[in-house]
Amino acid sequence: MLHHVSYAGRTFAALMLAAGLAACTADKDAISGPAGGLDDPTFANASAALQTSCASCHGASSGRLFRTSMDSTTLVASGLVDPASPSASQLLVKPRSAAHGGGVIAAFSTRDSALVAAWIATLPNVSATTVNAVKTDFAPSIDGVGEAIWLQATPLTVQIAGGWAAAASVSVRAMYDDGYLYMLLRWTDNEASYRRNPWIKNVDGTWSVAAAKPAPTNGQNWQQYMAARGGLSFNPEAPEYMYEDKMAIIWNTYGAGTVPAFETVGCAAVCHDPNAGGGPGTTYNSVQRDQAAKKYTTVVGQVLDMWHWKLVRQNMNGKMHDQYVRYWLPINDGTAGDGGRASDAGAVGYASNPAVSGRPTFRSATNGMLPAIYSWPTTDTLRMTDVEVAALPVGTVIANMLTSMPTGSGADVDGRGVYDSVLRRWTYEIRRRLTTSDVNDVQFDNLTRTYKFGLAVFDNAQIEHSYSGPPVRLVFKP
Ligand code: HEC
């Protein structure tokens with residue numbers, strides 16, 4: 001199968017190269033044109049307007065999706081501009097909105113935004129944020145391999161930013177048949193992270209569970225926290241924090257619980273940071289958990305569908321955790337870590353290796369202490385005796401996760417990922433029935449509708465994920 005994978009990679013690279021060349025030409029024209037106001041809606045002029053009003057927060061080094069250093073191609077690929085309806089572009093809508101993390105940007109004058117809108121209107125009227133699902137006669141196997149059958153589907157590169165991840169984009173392909181929607185996602189990662197809070201034997205013979213994450217307190221996100229303590233780069237990944245790679249997709253639901261704001265701003269509609277006045281943001285607070293950013297809808301009854309892949313807990317069973325985001329009223333009780341995140345019905349299929357007298361209870365019966373992927377099936381579990389545990393050498397690592405097949409509507413989404421340690425990337429395949437019986441699920445029951453979604457990559461970073469900006473569109477091609 002490897003040659004198929006690399007062939008797909010070459011096609012993809014060639015497409016990106018072509019897009020890059022086209023942009024170069026366009027930018028050269030722009031620079032040679034007359035400098036001026038609205039009569040000259042070239043990228044150079046639009047870019048100058050953005051530099052003036054936005055660079056203080058969106059400069060080259062900002063961890064945000066929108067950076068004033070972006071060239072025209074990157075801006076288009078980011079989905080921040082909407083050539084199909086220029087005035088709906090996030091580049092124009094965001095800085096004028098109260099939900100903008102930087103507030104309403106008065107310096108971005110009406111004239112500035114008219115110039116930027118006029119430039120967007122010069123772009124080819126194609127949507128850079130649409131994944132076209134092609135109809136397929138052959139179903140892909142959901143094994144994380146990415147067979148040649150996927151070459152019939154054109155990938156969309158979805159830009160991601162913020163949070164803590166090595167990848168800056170995710171490539172997304174989609175196909176469907178009479179029964180299912182299929183998706184193939186690829187993103188780079190310098191290392192697969194399997195060690196999810198394992199048990200470790202200390203020098204003094206006691207046991208600890210390894211920390212998942214650094215512990216910023218109020219007003220910091222991980223990037224700021226890591227920078228302040230002298231910095232840790234992604235490559236190699238922060239070694240003292242042990243967690244698993246994850247990925248998540250959020251869909252609008254389009255039924256009774258549809259979230260209108262998601263249609264224009266995507267996941268930012270349900271991302272609320274108390275440190276950003278309840279607007280989107282990424283503050284993490286390990287002490288006062290109610291001061292951390294959370295997901296929830298702000299209107300009773302509104303729900304989004306959330307498909308959440310957790311490598312150590314779910315990959316062996318070929319499932320994503322089918323969850324949803326619901327209404328939640330921010331309460332400052334210091335504990336409510338989950339906000340509006342909730343799970344569909346059924347067994348989740350994972351549980352910790354519980355503590356007994358401060359040490360792990362179980363080991364794998366067949367693989368001993370250290371299963372390669374840091375979890376093992378509940379059916380393969382052996383209770384350890386005190387004598388056996390006492391004899392284990394200092395530094396022994398025992399996995400902290402027991403898994404079983406999830407059940408119920410929480411198991412509606414099939415998915416499996418494979419990490420390629422040569423190309424250093426994840427390939428993840430997804431399958432879900434076009435329709436389900438769960439009211440909190442998106443129903444692909446109207447194949448002429450545009451379905452909007454957002455996605456996030458978690459790179460050994462627990463909840464501090466990188467995210468896509470404006471909603472990505474899924475369209476079913478007849
Ligand atoms: C005072 C700081 C500040 C200024 C100035 C500012 N922004 Fe932002 N912007 C933010 C923050 C913080 C976020 C992240 C939270 C959010 O999505 O609202 C953000 C998010 C955005 C987003 C969503 C995608 C992303 O990058 O996360 C867009 C688009 C955006 N800003 C556009 C602009 C434009 C265009 C301007 C200039 C006209 C501008 N902003 C000026 C602070 C600022």
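1. Let's start with one pair of residues: Y350 sits across from T403, which belongs to β20. Keep in mind as you look that this is a predicted model. The strands behind this pair are β13 and β20 (residues 401–403), and they run antiparallel to each other, joined by three bridges.

2. Now step back to the sheet around that pair. Three strands make up an open sheet, in the order β13-β20-β17, and the pairing in the sheet is mixed. Which strands stand at the edges? They are β13 (350–352) and β17 (376–377); each has a single partner strand, so one side of each has no neighbour in the sheet.

3. There is another open sheet to look at, again of three strands, with the order β6-β5-β19 and antiparallel pairing. Here β6 (207–209) and β19 (397–398) are the edge strands, and because each has a single partner strand, one side of each is left without a neighbour in the sheet. Try finding β5 (residues 199–201) next: β5 pairs with β19 in the antiparallel sense, over two bridges. If you want a residue to aim for, take I200, whose bridge partner in β19 is V397.

4. On to the ligand. How many residues surround the ligand? There are 24, and the closest are C54, C57, G101, G102 and F108. Two elements give two or more residues to this shell, namely α2 (43–58) and α4 (90–93). The largest share comes from α2, with six residues. Sorted by character, the shell has 12 nonpolar residues, 10 polar ones and two charged ones.

5. Where does the ligand lie with respect to the domains? Domain 1 (2–121) gives residues to the shell, and domain 2 (240–349 + 405–416 + 427–476) does too, so the ligand lies between them. Notice that domain 2 is written as three stretches of the chain, so remember to colour each of them when you check this on screen.

6. Last, stay with α2, since this helix also packs on another one. As background, two packed helices are described by the angle between their axes and the distance between those axes. For α2 and α5 (residues 110–121), the angle is about 145° and the axes are 9 Å apart. The crossing of α2 past α5 is left-handed. Which residues meet there? From α2 come F43, N45, A46, A49, L50 and S53, and from α5 come D112, L115, V116 and W119. Seven residues of this contact are nonpolar, two are polar and one is charged.

Note on methods
Residues are numbered from 1 along each chain as its sequence is written. This is a predicted model: local features need pLDDT of at least 70, side-chain atom pairs count only at pLDDT 80 or more; totals for chains, interfaces and linings use all residues. Two strands pair if DSSP finds at least two bridges between them. Helices (H or I, at least four residues) and strands (E, at least two) are DSSP runs, numbered from the N terminus. A residue is near a molecule or strand if its C-beta atom, placed from the backbone, lies within 6 Å of it. Ala, Val, Leu, Ile, Met, Phe, Trp, Tyr, Cys and Pro count as nonpolar, Asp, Glu, Lys and Arg as charged, and the others, Gly among them, as polar. Domain bounds come from an automatic or database domain assignment. Axes are lines fitted to C-alpha atoms, for helices over the stretch in contact, and angles run from 0 to 180 degrees between N-to-C directions. A crossing is left-handed if the near helix is turned anticlockwise from the far one by less than a right angle, and right-handed if clockwise. Two residues are in contact if their C-beta atoms, placed from the backbone, lie within 7 Å.
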